[in-house]
Amino acid sequence: YIQGMLNEPDVRSQEILRLIVDAYLETGAPVGSKTLATRQGMSLSSATIRNVMASLEDHGLLFSPHTSAGRLPTDLGLRLFVDGLLEVGSLTKEEQESLKAKCSVQGKTLSTVLEEATTHLSGLSHCAGLVMAPKTDAAIKHIEFVYLEPGKALVVLVTTSGNVENRVIEIPRGVAASRLLQASNFINAKLVGCTVLEALADIEEELGKHKTELDALTRKMVESGLAVWSLANDDESGSLIIKGQANLLQNVEELEDIKRIQALFQALERKESICSLLQATEGAEGVQIYIGAESQLFGLTDCSMVISPYKNTKSQIVGAIGVIGPTRINYARIIPMVDYTAKVISKLVG
């Protein structure tokens, strides 16, 4: 339907739609025919412009918030504008260097880099920045048991990206340090050349078939370590990092609008929203744009999401980065910003 509208020979209708959307993105206020008559370059009367606006409204591209008021673009009107009428800008060299600097990995873990990149993206776009960090599958390279006190030990998990996770587990009282070392060595021997899930399956199978010479105490330690290991890797879709949520509350005065933004925050905090963000980028190339009700996640919040996947060296999508803002965000500026950041992140992940 949208492609058909774009191919319509009525350039005049497209130009008037573009002017209305431009004004909406700039001010957020409805636009009337008299205002357009002074802004457009064609010699059209207010009456002619009103007729064109009425036609665009009939097509579901405009709506009138109040009787006798000007017009605002619908989500469909914004989609038509973004897909065919928008002139996308480009980042300045300074902006590119700034994003590169924030994505520098020197002395940082991947999660820290992603957080800093998201914070910077939020600041540049004046929106909420979000990134879905890769799940930890195939990232753990070492595990170690450290004695704490009778009945407790610390499980230290070290990932290939340099992250360190510490979990406290209960162990049988009276376990000697040699048993802790034996449990650590047994698990680490299974990590070489395997993904985390492969090593986990191998260890569980070996324990289940009693192929090992581990005594009962050491076996219990290994099983406890496997349990905490499983918890660290049972997230199928990674973790969601959001920065700059306060930007969504700027210029929001109506109580109803505040409630909608709060509903968005709650949706983002739910686990299923993380999956939907990654699914939104699966099979996609480059930036994806979701406007208003086009996404179930944003349904009634009057928000848009500009998001792009980033990939590993096998060209597999492992995460996504982007921004969320009101439907009147500066698409021309934000689209290249998100696109460039995703490409930088892809190189780092590689």
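So, Ser304: in this predicted model its relative accessibility comes out at 0%, and since buried means under 20%, Ser304 counts as buried. You'll find Ser304 in strand E9, which covers residues 303-311. What does its side chain make a polar contact with? The side chain of Tyr331, at 2.9 Å. Leaving out residues up to four places away in sequence, Ser304 also touches a run of others, including Tyr290, Ile291, Gly292, Val323, Pro326 and Ile329.

Okay, hang on to Tyr331, and let's go to the core. The largest nonpolar core has 54 residues, and Tyr331 is among those touching the most other members, along with Ile16, Leu17, Leu36 and Val306. Which helix gives the most to this core? That's H13, residues 331-349, with ten residues. There's another core lying apart from it, 16 residues, with Ala153, Val155, Ile169 and Phe186 among them.

Now Val306. With the same sequence neighbours left out, Val306 touches Val287, Gln288, Ile289, Ile321 and Tyr331, among others, and the list also includes Ile334, Ile335 and Val338.

Last stop, the helix with Ile16 and Leu17. H2 runs over residues 11-27, so to speak a 17-residue helix, and from first C-alpha to last it reaches 24 Å, close to the 24 Å expected. Which residues in H2 are buried? Ser13, Gln14, Ile16, Leu17, Leu19, Ile20, Val21, Ala23, Tyr24 and Leu25. After H2 comes Gly28, with a positive phi near 80°.

Notes. Residues numbered from 1 in each chain as written. Predicted model: local features only at pLDDT ≥ 70, side-chain atom pairs only at ≥ 80, totals over all residues. Heavy atoms only, no water. Helix = DSSP H or I, 4+ residues; strand = E, 2+ residues; numbered from the N terminus. Expected span 1.5 Å × (residues − 1). Buried < 20%, exposed > 50% of the residue type's maximum accessible area, 1.4 Å probe, protein only. Core = buried A, V, L, I, M, F, W, Y, C linked by side-chain atoms within 4.5 Å. Contact = heavy atoms within 4.5 Å. Polar contact = N/O pair within 3.5 Å; in protein donor to acceptor, adjacent residues only side chain to side chain.
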